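Grab your viewer and work through the exercises below. Each one comes with a worked solution, so try it yourself before reading on.

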Amino acid sequence: MKSEETTIMQHEKSMEFLQIAMKYFPQAKEELDKAGIQLEPEALQPLLTLFTSVMQEAYELGKADAESEKATE
């Protein structure tokens, strides 16, 4: 059951990460346009998948750090 809860929590975090990505997407697109880089819609999904993987790993690292700090108190 814990595995199912972990999967649900990871999915919820991934959705939050995607919301963050979409919040900053206009700014990122503007910077890419200035650099002459065209971003096609079909290229967006792999980038968002990469972004959510990076954010999930950063989240897990922060969570582990918080837990280890709490354990040393």
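Being three residues apart in helix H1 (residues 2-34), Lys13 and Glu16 are separated by about one helical turn. Keep in mind that this is a predicted model.

**Exercise 1.** Work out what the side chains of Lys13 and Glu16 form, and classify each residue by accessibility.

*Solution.*
- Step 1: check the N to O distance, which is 3.3 Å for this pair.
- Step 2: compare it with the cut-off; a salt bridge needs the nitrogen within 4 Å of the carboxyl oxygen, so Lys13 and Glu16 make one.
- Step 3: turn to accessibility. Lys13 has a relative accessible area of 19%, and buried means under 20%, so Lys13 counts as buried.
- Step 4: Glu16 comes in at 37%, which makes this residue partly exposed.

**Exercise 2.** Find out which residues are joined into one network by salt bridges that share partners.

*Solution.*
- Step 1: start with Glu30 and Lys34, whose side chains meet in a salt bridge at 3.7 Å, N to O. Both sit in helix H1, four residues apart, or about one turn.
- Step 2: now try Glu31 with Lys34. That pair is also a salt bridge, with 3.5 Å from N to O, and the two residues are three apart in H1, again about one turn of the helix.
- Step 3: put the pairs together, and the shared partners join Glu30, Glu31 and Lys34 into one network.
- Step 4: add the accessibilities. Glu30 is partly exposed at 45%, Glu31 is partly exposed at 44%, and Lys34 is exposed at 60%.
- Step 5: for the tally, the whole model has four salt bridges by this rule.

**Exercise 3.** Describe the largest pocket: how much space lies in it, which elements line it, and how do the lining residues divide by polarity?

*Solution.*
- Step 1: take the volume, about 250 Å³.
- Step 2: list the lining. Among the residues there are Ile20, Met22, Tyr24, Phe25, Leu32, Leu44, Leu48 and Phe51.
- Step 3: assign elements. H1 and helix H2 (41-72) each give two or more residues to this lining, and H1 has the largest share, with seven residues.
- Step 4: sort by type. The lining divides into twelve nonpolar residues, with no polar and no charged ones.

Terms used: Residues numbered from 1 in each chain as written. Predicted model: local features only at pLDDT ≥ 70, side-chain atom pairs only at ≥ 80, totals over all residues. Heavy atoms only, no water. Buried < 20%, exposed > 50% of the residue type's maximum accessible area, 1.4 Å probe, protein only. 1 Å grid on protein atoms, 1.4 Å probe; cavity = no way out; pocket = protein on both sides within 12 Å on 5 of 7 lines; lining within 4 Å. Points joined across faces, edges and corners; volume = space filled by probe spheres on them. Nonpolar A, V, L, I, M, F, W, Y, C, P; charged D, E, K, R; others polar.
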